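This report describes one protein with a ligand. Look over the sequence and the structure before reading on.

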Amino acid sequence: EKKIAIVGMPMSYGQPHPGVALGPDAVRHAGLTERLRQLGLAPEDMGNMEIGTGERTVDPETGMKNLHQVAEACEQLAAQVDRLFGQNFFPLVLGGDHSMAIGTIAGAAKHFRNPGILWIDAHGDLNTPETSPSGNIHGMPLAASLGLGAEPLINLYGSAPKIRFENIVLIGIRDLDEGEKRLIRERKIKAYTMHEIDRAGMKRVMEEAIAYLRERADGVHLSFDLDSLDPSEAPGVGTPVKGGLTFREARLAMEMLGESGLIASCEFVEVNPLLDTKNQTAGRAVDLIAALFERMR
Ligand code: LYS
């Protein structure tokens, strides 16, 4: 059995709200290590990655915000995740805004012939600088991993693409920009919106998603954005969207994924304690991480 390595990624350059850099420590304070120990696991906490403190910038040509700060931090994270895989750890990365996924995925992708991604999020994060309404890179990481977007992001820690269109599944989607909708349609990306979850139920959606990824990928990374949950259960996120997953749906998803034995690495992102109420969003992150690992054996 693999040992879990916890890595904090206090990334905030992918979005504008102060506080998301405190996410990893908020999740630790919500009792992450203790919960995993209660499950008989012995996680090793590698501490937080160093993030630059450079001034915030906007590229006048593309409108992208803090491009080089994001790229540099993601490069470091990719190297750390790569190293942890090499040492036979299961990387559990805590965010931090979702732009960090560019780094996690770049590091994890090195270890598989056919890496897959399960992306649980209210958003598609499939924007490029051309389609982004905001210039915020936390709306772009999945596109970047697929090889679409700014050069410093797509070629980070190895050449593009890190992952193939047919090897990703999105779940929980309910707020897409026009360009993202077009991309999903044109590239036939497997995506379960809230509408589909309401119709089929989470059990059926997860059975399909797991079977789909098992057929295609030899290792799957889970990228879990806490804004996939309904804001009534997880208010501490920068871009909340009504009509999200209940805690029970999300927990069932984690239990089924754990049982599947498919997941090789994971990240839980966008926890922002300054926007939260009594650290409950970090608490839900801990509950969901525990639900994932409880059944993984
Ligand atoms: N789609 C929006 C954007 O690109 C929101 C992204 C939110 C990511 N957590 O800015």
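The sections below cover the sheet, the helix packed on it, and the surroundings of the ligand.

## The model

The structure is a predicted model.

## The sheet

Eight strands form an open sheet, and their pairing is parallel. Across the sheet the strands come in the order β2-β1-β3-β8-β7-β4-β5-β6. The edges are taken by β2 (44-48) and β6 (190-193). Each of these has a single partner strand, so one side of each has no neighbour in the sheet. From one strand to the next, the twist averages 15°.

One pair can be followed in detail. Strand β4 (residues 115-120) runs parallel to strand β5 (residues 168-173), and four bridges join them. I120 has I171 of β5 as its bridge partner.

## A helix on the sheet

Helix α4 (residues 101-109) packs on the sheet. The strands that α4 touches are β3 (89-95), β4, β7 (219-225) and β8 (263-269). The direction of α4 makes about 155° with that of β4.

## Around the ligand

The ligand is surrounded by 13 residues, and the closest are D125, N127, S134, H138 and D177. By type, the shell consists of six charged residues, six polar ones and one nonpolar one.

Three side chains place polar atoms beside the ligand. For N127, a polar side-chain atom is 2.9 Å from an oxygen atom of the ligand. An N or O atom in the side chain of H138 lies 3.3 Å from a nitrogen atom of the ligand. In D177, a polar side-chain atom is 2.7 Å from a ligand nitrogen atom. The ligand taken alone exposes 310 Å², of which the protein buries 93%.

Notes:
Residues are numbered from 1 along each chain as its sequence is written. This is a predicted model: local features need pLDDT of at least 70, side-chain atom pairs count only at pLDDT 80 or more; totals for chains, interfaces and linings use all residues. Side-chain values use heavy atoms; hydrogens and water are left out. A residue is near a molecule or strand if one of its heavy atoms lies within 4 Å of it. A polar contact is a pair of N or O atoms within 3.5 Å; within protein, one must be able to donate a hydrogen and the other to accept it, and residues adjacent in sequence count only if both atoms are side-chain atoms. Accessible areas come from the Shrake-Rupley method with a 1.4 Å probe; for residues, only the protein chains shown count as cover. Ala, Val, Leu, Ile, Met, Phe, Trp, Tyr, Cys and Pro count as nonpolar, Asp, Glu, Lys and Arg as charged, and the others, Gly among them, as polar. Two strands pair if DSSP finds at least two bridges between them. Helices (H or I, at least four residues) and strands (E, at least two) are DSSP runs, numbered from the N terminus. Axes are lines fitted to C-alpha atoms, for helices over the stretch in contact, and angles run from 0 to 180 degrees between N-to-C directions. Contact means heavy atoms within 4.5 Å.
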